[in-house]
Amino acid sequence: MTLPHPNADQISLPIVLGVLGDPTRLAIVRYLASKEGVPLNCSQFLDLCSKTNLSYHLAKLREAGVTRAEVVGTSRLITLRRADLDARFPGLLDSVVAAAGDDAALPMIGGHEAEKVQA
């Protein structure tokens with residue numbers, strides 16, 4: 001099973017910014033950025049919300065082109081599409097993650113704040 005993802009040239013700035021405007025999705029992106037290059041199982045984000053709600057948020061991130069989801073057996077491995085986002089909107093992801101790193105109002109993952117990312 002393959003999930004649909006937009007091509008890099010189809011990623012739209014208004015859609016990306018709209019998706020990142022949600023605190024739960026922003027916390028997911030912040031956590032993914034802290035684990036850069038390591039595919040994370042979607043179960044790592046269950047501290048944020050219910051499975052149904054998490055599926056919704058992960059789908060929104062994927063459909064906007066912010067993340068890539070790969071189906072492996074019964075798991076979905078999530079990664080940031082950093083290269084595509086950086087090529088399309090240079091510096092955007094770093095700026096968003098840096099600003100989110102200091103936001104105590106964002107939900108926590110794993111019982112603690114997502115690790116801060118050096119921009």
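A residue counts as partly exposed when its relative accessible area lies between the limit for buried, under 20%, and the limit for exposed, over 50%. Asp86, at 25% relative accessibility, is therefore partly exposed. The model described here is a predicted one.

## Confidence

The protein chain has a mean pLDDT of 86, and 91% of its residues reach 70 or more. Among the elements of the chain, helix H1 (residues 13-20) has the highest mean pLDDT, 96, whereas strand E1 (residues 40-41) has the lowest, 89. Over residues 112-119 the pLDDT stays under 50. For that stretch the model has 15 contacts beyond four places in sequence.

## Salt bridges

The count of salt bridges comes to four. Three of them are listed below with the distance between nitrogen and oxygen.

| Pair | N to O distance |
|---|---|
| Arg81 and Asp84 | 2.7 Å |
| Arg82 and Asp86 | 3.8 Å |
| Arg82 and Asp94 | 2.7 Å |

Arg82 takes part in a salt bridge with Asp86 and in another with Asp94. The partners Arg82 and Asp86 both belong to helix H4 (residues 82-88). They are four residues apart, which is about one turn of the helix. Arg82 is buried, since its relative accessibility is 17%.

The bridge from Arg82 to Asp94 has its N and O atoms 2.7 Å apart at the closest. This pair links distant parts of the chain, with Arg82 in helix H4 and Asp94 in helix H5 (residues 92-101), 12 residues apart. Asp94 is partly exposed, with a relative accessible area of 32%. A network of salt bridges links Arg82, Asp86 and Asp94 together with Glu36.

The pair of Arg81 and Asp84 also forms a salt bridge. Arg81 is buried, its relative accessible area being 5%, whereas Asp84 is partly exposed at 22% relative accessibility.

## Cysteines

How many disulfides does a search of the whole structure find? The search finds zero. For Cys42, the closest cysteine sulfur is that of Cys49, and the 11 Å between them is too far for a bond. The cut-off that matters in this step is 2.5 Å between the sulfur atoms. Seen from Cys49, the closest cysteine sulfur is in turn that of Cys42, at 11 Å. Cys49 is buried, with a relative accessible area of 16%, while Cys42 is partly exposed, with a relative accessible area of 24%.

## Aromatic pair

A search of the whole structure finds one aromatic pair. The ring centres of Tyr31 and Phe45 are 5.9 Å apart and the ring planes stand at 85°, so the pair is edge-to-face. Tyr31 lies in helix H2 (residues 23-34) and Phe45 in the loop between E1 and helix H3 (51-64), so the pair ties together parts that are 14 residues apart in sequence. Both rings belong to buried residues: Tyr31 has 9% relative accessibility, and Phe45 has a relative accessible area of 0%.

## Helix H3 and its surroundings

Helix H3 contains 14 residues and reaches 20 Å from its first C-alpha to its last. This span is close to the 20 Å expected at 1.5 Å a residue. The buried residues of H3 are Leu54, His57, Leu58, Ala59, Leu61, Arg62 and Ala64. What covers these buried residues includes the helices H1 and H2 as well as strand E2 (67-72) and strand E3 (75-80). After H3 comes Gly65, with a positive phi near 90°.

One of the residues of H2 is Thr24. Thr24 is buried, at 14% relative accessibility. Leaving aside neighbours within four places in sequence, Thr24 is in contact with Leu48, Cys49, His57 and Pro107. Among these contacts, His57 is one of the buried residues of H3, and Cys49 is buried as well, at 16% relative accessible area.

Methods. Residues are numbered from 1 along each chain as its sequence is written. This is a predicted model: local features need pLDDT of at least 70, side-chain atom pairs count only at pLDDT 80 or more; totals for chains, interfaces and linings use all residues. Side-chain values use heavy atoms; hydrogens and water are left out. pLDDT is the predictor's confidence in each residue, from 0 to 100. Helices (H or I, at least four residues) and strands (E, at least two) are DSSP runs, numbered from the N terminus. Contact means heavy atoms within 4.5 Å. A salt bridge is a side-chain nitrogen of Lys or Arg within 4 Å of a carboxyl oxygen of Asp or Glu. Buried means under 20% relative accessible area, exposed over 50%, partly exposed in between (1.4 Å probe, protein chains only). Rings of Phe, Tyr and Trp (its six-membered ring) pair if their centres lie within 6.5 Å; planes under 30 degrees apart count as stacked, over 60 as edge-to-face and the rest as tilted. The expected span of a helix is 1.5 Å times one less than its number of residues.
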